[in-house]
Amino acid sequence: MASDLTVDLIINGEWRAPGSGHYDAVSNPASPDETVGLVASASREDVRAAIDAASAAQPDWAAAGYLERAAGLRRMSEAVQEGAEARARILTSENGKTLKE
C-alpha cells in the first residue's frame, strides 16, 4: 500500500520544500516494495538557511526568562502530541515493527 505522506523541511518556523526538489522514498522493511512516504533531502543551501535561522533566534531565546522558555517548550510538546498515534503508525511501518514495540 503506497502512502501519500510527504515530509518537507521546517526552516525558520516554516514548512518548505527542499531547494534541490529531491525527496527520498522510505520503505517498509517488512515489505520493501511498500513506500511509507517521502522525506525531503536538504541541500547545502537548506542546511545553511537552517543554521542561519537558528543562529538568529538564539539571542532572543537566551534573553527570554524561564517562564517564557517553559511556555515555548510546552507549545512544542503539545504540537508533538497532536497526531502522535498517526505518527506512531508511520514510524512502525518505517521500522518494520509492531505498535507495541
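Helices here are DSSP runs of H or I with at least four residues, numbered from the N terminus. By that rule P59 lies in helix 1. The model on screen is predicted.

**Stop 1: helix 1**

Select residues 44-63, which make up helix 1, and colour P59 within helix 1. Is P59 buried, partly exposed or exposed? P59 has a relative accessible area of 46%; because buried means under 20% and exposed over 50%, that value makes P59 partly exposed.

Stay on helix 1 and show the side chains of R48 and D52, which meet in a salt bridge with an N to O distance of 3.3 Å. How many salt bridges does the structure hold? The count is 1. R48 and D52 are 4 residues apart in helix 1, so about one helical turn separates them. An α-helix has 3.6 residues a turn, so residues three or four places apart point the same way. Each partner can then be checked for cover: R48 is partly exposed at a relative accessible area of 47%, and D52 is partly exposed at 42%.

**Stop 2: the loop before helix 1**

Step back to S43, in the loop between strand 5 and helix 1. S43 has a relative accessible area of 11%, which means that S43 is buried. Which residues is S43 in contact with, leaving aside neighbours within four places in sequence? Select G19 and S20 to see them.

**Stop 3: the sheet**

Now select strand 5, residues 31-40, together with strand 1, residues 6-7, and strand 4, residues 23-28. These 3 strands form an open sheet in the order 1-5-4, with mixed pairing. Strand 1 and strand 4 stand at the edges with a single partner strand each, so one side of each has no neighbour in the sheet.

Look at the two pairings in turn. Strand 1 runs parallel to strand 5, over 2 bridges. Strand 4 pairs with strand 5 in the antiparallel sense, over 6 bridges, and the two form a hairpin with 2 residues between them. Strands of a sheet pair through backbone hydrogen bonds, either parallel or antiparallel.

L38 in strand 5 is a useful residue to label. T6 stands opposite L38, and L38 is also the bridge partner of A25.

**Stop 4: a surface patch**

Select V7, I10 and W15 and draw the surface. Together they form a nonpolar patch there, with about 320 Å² of accessible area. Of these residues, I10 is placed in strand 2, residues 9-11.

**Stop 5: helix 3**

Select residues 84-95, the 12 residues of helix 3. What distance does helix 3 reach from its first C-alpha to its last? The span is 16 Å, close to the 16 Å expected at 1.5 Å a residue. Move on to G96, just after helix 3, where phi is positive at about 70°.

To finish, draw a distance between the C-alpha atoms of E85 and P59. The two residues are 26 residues apart along the chain, and their C-alpha atoms are separated by 35 Å. This line leads back to helix 1, where P59 lies.

How values were computed:
Residues numbered from 1 in each chain as written. Predicted model: local features only at pLDDT ≥ 70, side-chain atom pairs only at ≥ 80, totals over all residues. Heavy atoms only, no water. Patch = residues over 30% accessible without salt bridge, like charges linked within 9 Å, V, L, I, M, F, W, Y side chains within 5 Å. Areas by Shrake-Rupley, 256 points an atom, 1.4 Å probe, with all protein chains shown as cover. Salt bridge = Lys/Arg side-chain N within 4 Å of Asp/Glu carboxyl O. Expected span 1.5 Å × (residues − 1). Buried < 20%, exposed > 50% of the residue type's maximum accessible area, 1.4 Å probe, protein only. Contact = heavy atoms within 4.5 Å. Pairing = 2+ DSSP bridges.
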